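Trainee: I am new to this one. Can you show me the structure and let me ask how each label is earned?

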Amino acid sequence: MGSLKSLSLGAMLMLTCASFAQADAIKLEGGKETNLVLLPKFLGILVFDQANEGAQEAHKELANPGELLFVGPTPENSVAGQIEIMTTSATQGQGAVMLSNNAGDQIVPAAEAAKAAGTKIVTWDSPIPSGNGEDVFVAQVDFGSIGTVMADMAHSILGGKGEMAVLSATPDAANQNAWIASMQEALKGAKYADIKLVDVVYGDDQAEVSYNRALSLVDQHPNLGLIMSPTTVGIQASAKAMQDEGLCDKVKVSGLGLPSEMVSYTMNGCAPEFALWDFRDLGYLTYFTAYGMATGQLKGEIGESFHAGRMGDYTIEADPGREGAKRILMGPFTVYNKGNVEAAAK
Amino acid sequence: MTRMMEKLSPQTLRILALLAVLLVILLFFSLVIPNYLNGRLFNRISSSVAIMALIATAQTLVIITRNIDLSIGSILGFVAFATGSLVTNNPDLGPVPLVLYSITIGACFGAINGVLVAFVRVPSIIVTLGTMALFRSVLVEYSDAKSITTSNLPQWLVEFPNTVLFSIGQMQFRAAFVAAVIVVLIVHLALTRLNAARKLYAIGSNPEAAEMAGINIHKTVFVAFVLSGALAGLGGFMFLARFGTITVVAGLGFELKSVAASVVGGVNIFGGSGTVIGALIGAILVDVIETSLVRWQLVSEFWREAVLGALILLSVAADAVLMRRFISLRRKRPKSDPIPEKTSVLDGEAR
Amino acid sequence: MAETILELLDISKSFEMTHALKNMSLELKAGEVHAIVGENGAGKSTMIKIMTGVHKPTSGEIRIDGQARTLSGTQAAREAGIAAMYQEPMVFPDLDVAENIFISARNKGLFLKPTQQRQAARALVTRLGMSLDVELAASGLTLAEQQIVEIARALSEDVRVLIMDEPTASLSAYEASQLRRIAKTLAQEGVAVVYISHRLEEIFEIADRVTVIRDGGHISTRPISETTADLMIAEMVGRDVGNYFAKIPGTATDTVALKVRNLAVDDVFEGVNFDLHKGEVLCFSGLVGARRTDVALALFGVKPATRGTIEVNGTAVEIRHPKQAMDIGIAYVSEDRRKLGLAMPMSIQSNTSLATLGKFLRRFGLLDRAEERNVAEAFRKRLNIRTPNVDIAVGTLSGGNQQKVMLAKWLNMEPEILIFDEPTRGIDVGAKAEVHELIREFAKAGGAALVISSDLPEVMALGDRNLVMREGRQMGVIASENATQEKIMALATGQQNLREAS
């Protein structure tokens with residue numbers, strides 16, 4: 001992945017953590033025992049599994065004699081399951097819970113109780129919207145910049161002019177909603193004046209629902225040129241639907257996707273461009289953060305810098321999207337196209 | 001009209017009533033949605049019904065025996081995943097072993113349900129509510145939280161569902177749809193022509209009487225669940241071929257959709273009556289409503305489920321009313337005296 | 001005489017604490033009609049279930065053709081040629097008549113042959129002297145027709161032992177005589193026919209031998225020529241019942257409680273006219289298909305009348321719903337206990353209060369369980385319901401006791417007009433007399449009773465007047481002092497017309 005052409009945007013460059021690195025970054029001391037829990041939205045999605053691989057890598061590297069548990073709810077029980085696992089983790093006295101939140105602010109009471117019991121709450125991928133009950137959020141990328149990236153991909157695919165629609169995950173997924181909002185904000189710019197966002201629909205992160213929703217978008221909007229799907233399930237289902245129905249010439253697909261899942265669609269032109277960050281890196285960085293906080297080596301205060309192994313130095317800062325909340329910004333992410341997707345898919 | 005009604009069996013009337021409702025719904029949506037009735041609509045519905053038709057047929061077999069299978073979506077999901085990982089690891093396997101593999105796994109899961117319902121005698125709604133969660137958890141465990149992706153599947157498998165066998169105008173008859181219709185027809189013929197199939201209806205109609213008639217209720221119910229599982233397995237194979245991407249959520253919610261399709265299709269939820277042709281039309285009806293609602297601008301995302309539920313209820317009600325009307329038309333015929341001549345009655349009871 | 005087919009030797013059967021059968025023995029010979037009589041609860045049902053493989057005996061031996069056999073289930077019994085038809089017809093409402101007849105597991109072959117099957121079904125139904133559309137779904141059949149289907153099903157099999165449990169209880173006189181003839185014919189063909197009936201006159205007509213059982217034990221087996229009705233009854237009840245069909249004196253007053261004029265339900269019945277007085281028992285006679293129950297259902301608002309007038313205590317009323325009927329003091333004790341009458345899995349106590357829950361409601365809509373229990377206990381004593389306590393599920397009681405619970409449920413409502421539909425169908429002699437007494441008591445207290453009954457001796461004994469119907473038409477009303485069974489039957493079969501005679 002290191003050899004890939006990484007594309008950092010202007011907005012991001014300004015925020016890149018390294019450039020803010022203060023004085024001395026804390027070097028985390030390995031070998032301290034703490035039990036950690038990695039809690040994804042639900043099990044069975046490839047990207048979460050990749051995050052787990054990254055966390056396991058960090059776990060070994062830091063030689064933590066404690067346990068790293070990868071537990072998650074079943075998909076149909078995501079909200080209740082997350083709350084339950086959060087509560088259980090607190091009673092078990094886990095050092096930290098690393099949460100990709102799918103429960104909105106409903107998780108807050110459980111998370112606050114866990115915090116009160118001494119368990120650190122580090123969110124990643126998807127934060128707690130109000131920031132309550134959360135120690136720090138490891139952001140894969142600046143949420144504001146995702147909107148710009150998606151708007152730019154749309155601009156390049158549509159040639160600056162045309163209709164697009166969004167196929168998202170669930171209507172209450174915090175991260176996707178934030179990205180869609182930031183894309184709508186970006187689209188107000190003069191550069192995108194001729195791009196029209198005609199619809200936003202939801203495929204519930206289920207392949208069959210997303211597939212059918214993509215097709216109905218095409219039926220409903222005869223002049224549709226692009227489906228933008230900021231979810232790995234949605235983008236692949238949309239691409240397959242367009243390919244199956246022979247619509248790739250007319251309607252393109254873009255959004256956030258995994259190279260291994262998208263490679264054939266990129267090569268045959270159904271999905272010429274899409275973006276993603278590395279979920280292994282996200283898991284790796286999240287683990288470093290959680291380990292540091294659980295072992296007391298990190299206080300979790302704004303301005304604190306630490307060294308995250310192979311990824312370099314990171315700093316805790318105020319989250320511009322959520323008042324009073326703190327984040328660690330990972331960044332950057334990669335835009336894939338015919339030129340680099342095959343190598344990344346391997 | 002009346003004379004025609006006399007000739008038709010109630011089951012046929014039921015199907016006519018359903019078709020009438022379907023027609024009304026199509027007409028309605030063609031009025032409110034621009035550019036609605038075209039070949040593309042047919043292609044959409046037929047492709048998506050291909051899977052639901054199998055599941056609704058499976059559900060119907062179980063409902064006829066006065067039972068229910070809520071684990072059907074989980075079975076489908078598991079089979080789709082298992083078959084997907086089999087073919088990922090053995091890309092040279094042909095269609096026949098893969099389909100057999102799917103059906104066998106499905107049948108095994110069905111057998112678990114069947115044993116618990118028929119022999120351990122736990123009510124099916126409880127058994128399958130349990131196995132619905134259980135099978136899905138087994139899938140989560142088995143899958144190791146990974147997913148199957150299209151890129152790992154052989155080309156023939158991915159292309160199979162959308163292969164156009166023949167077209168009428170814009171309407172394409174694709175392999176998956178045609179295969180599903182053939183399966184439904186086979187099951188239909190079996191249910192109407194096979195001696196053993198009568199047992200399913202008898203058990204659902206009056207279990208006590210079935211027992212008295214010497215029918216082995218337990219075995220028959222067990223077989224119904226196994227067949228249902230096998231059909232769900234076949235559905236899993238079709239699901240894999242159509243969507244390619246299989247995560248642990250595959251088939252989530254299919255259990256209720258299949259019940260809806262069956263019941264809309266005139267299958268009595270208390271057992272004893274119903275046809276799989278009805279269930280097929282029920283599946284089409286539900287799918288048409290669902291697909292059309294998405295395109296109907298008036299209904300927002302958040303109200304869609306509610307409107308879908310309301311429309312399903314409405315079509316069930318319309319169908320019931322039509323059915324009653326048809327039957328009363330049949331009744332109007334002059335009937336022959338049901339009571340035979342009783343000239344010799346005084347020799348009888350009155351001593 | 002002919003060889004023995006089936007033998008029960010010292011069979012006992014207990015369910016938990018109760019002994020349903022104690023050292024029961026029975027011997028069935030080819031070619032005989034073997035009647036079994038006994039009060040309800042004597043153990044007849046359990047005995048049938050032992051013979052048909054539903055229950056396994058706790059001890060004792062079953063022999064078929066002299067060989068000891070274990071009947072592992074109903075299928076095994078069927079294969080041994082033992083078939084039974086029960087009091088409550090066992091039909092499949094969703095299947096048609098022909099399918100019902102040939103549903104049995106012994107009907108082998110991979111494919112259905114609908115045409116052949118229908119033909120065979122028609123032949124069987126014709127053999128029973130009936131005309132039934134064999135393509136009709138069984139759900140549309142009357143109880144009597146369902147019974148015919150069940151008989152035909154038993155006939156369709158290669159039976160060696162045919163157990164008929166109260167087969168004629170719901171049949172018209174003509175159908176019953178036909179059936180008895182068929183039972184006799186089957187016996188002549190070498191089948192052992194077990195015939196269970198409360199109608200002693202039937203037994204004298206067709207039985208070769210009679211076995212009396214009481215309290216789960218065998219009392220006697222005699223050739224029919226060596227017994228009398230009085231002897232049988234004495235053995236059955238263990239006491240001398242005497243004149244159980246004695247005429248009970250009337251208590252009718254001049255006050256009209258219910259006045260019905262030109263009542264009709266389109267396509268069902270028409271032209272029903274009568275006055276029912278307080279203190280009177282008016283019987284409705286007729287054969288199956290006379291539509292008497294439909295008149296009752298119209299009066300009770302289940303299937304409301306489409307034409308005609310109803311007056312209750314001099315006020316014109318319109319009854320569209322059972323609730324309305326109940327509000328103006330009309331109650332209906334159904335013929336079909338299972339379907340319309342009782343909630344079988346619920347306790348006696350709950351069933352008793354079901355129609356009158358309002359009476360037991362206390363503040364906050366809570367149910368006064370103590371009061372409910374008191375009332376149920378009072379009825380248990382008054383109606384002599386044989387049960388250890390009122391918490392028992394109604395479904396476990398015998399037919400006669402179930403009927404009494406039904407009566408309790410409606411008497412509890414304290415109705416002014418009570419319609420009884422076949423109140424003594426399928427219950428034993430002792431219970432019958434008790435039910436008659438209850439109806440009389442109700443009338444004596446000023447109630448107006450309308451009794452639908454197919455049992456002519458009962459009609460003669462109980463009714464002050466008799467309204468006879470035939471195929472949806474009122475044929476006439478006969479005062480009981482002028483009535484004979486022959487007169488009633490003549491009207492019911494349409495051989496005579498009579499103007500309103502009261």
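Mentor: Start with strand β13 (residues 281-285) of chain C, which is mostly covered, with 5 of its 5 residues buried. This is a predicted model, where local features need pLDDT of at least 70, side-chain atom pairs count only at pLDDT 80 or more, and totals for chains, interfaces and linings use all residues. Residues are numbered from 1 along each chain as its sequence is written, while chains are lettered from A and ligands numbered from 1 in the order in which they are written.

Trainee: What makes a residue of β13(C) buried?

Mentor: A residue is buried if 20 or more other C-beta atoms lie within 10 Å of its own, exposed if 12 or fewer, and partly exposed in between; C-beta atoms are placed from the backbone. In β13(C), 5 of 5 residues are buried.

Trainee: Why is β13 called a strand?

Mentor: Strands are DSSP runs of E, at least two residues long, and helices are runs of H or I, at least four; both are numbered from the N terminus. β13(C) spans residues 281-285.

Trainee: How do you know which faces of β13(C) are covered?

Mentor: In a regular strand the side chains alternate between the two faces of the sheet. Here Val281(C), Cys283(C) and Ser285(C) lie on one side, Leu282(C) and Phe284(C) on the other, and all are buried. Both faces are therefore covered, by the burial cut-off.

Trainee: What makes β13(C) and β18(C) a pair?

Mentor: Two strands pair if DSSP finds at least two bridges between them. β13(C) and β18 (residues 448-452) of chain C have 4 bridges and run parallel, so they pair. Phe284(C) has Ile452(C) as its bridge partner there. β19 (residues 465-470) of chain C also joins β13(C) by 4 bridges, again parallel. In β19(C), Leu467(C) stands opposite Phe284(C).

Trainee: How do you know whether chains A and C are in contact or apart?

Mentor: Two residues are in contact if their C-beta atoms, placed from the backbone, lie within 7 Å. No contact joins chain A and chain C; their closest C-alpha atoms lie 36 Å apart. Chain B does touch chain A: 27 residues of chain B meet 32 residues of chain A. On the chain B side, α6(B) gives the largest share, 4 residues. Of the 2 pairs of chains in contact, chains B and C share the most contacts.

Trainee: What is the confidence in chain A?

Mentor: pLDDT is the predictor's confidence in each residue, from 0 to 100. Chain A averages 86, and 93% of the residues score at least 70. Over residues 1-22 of chain A, pLDDT stays under 50.
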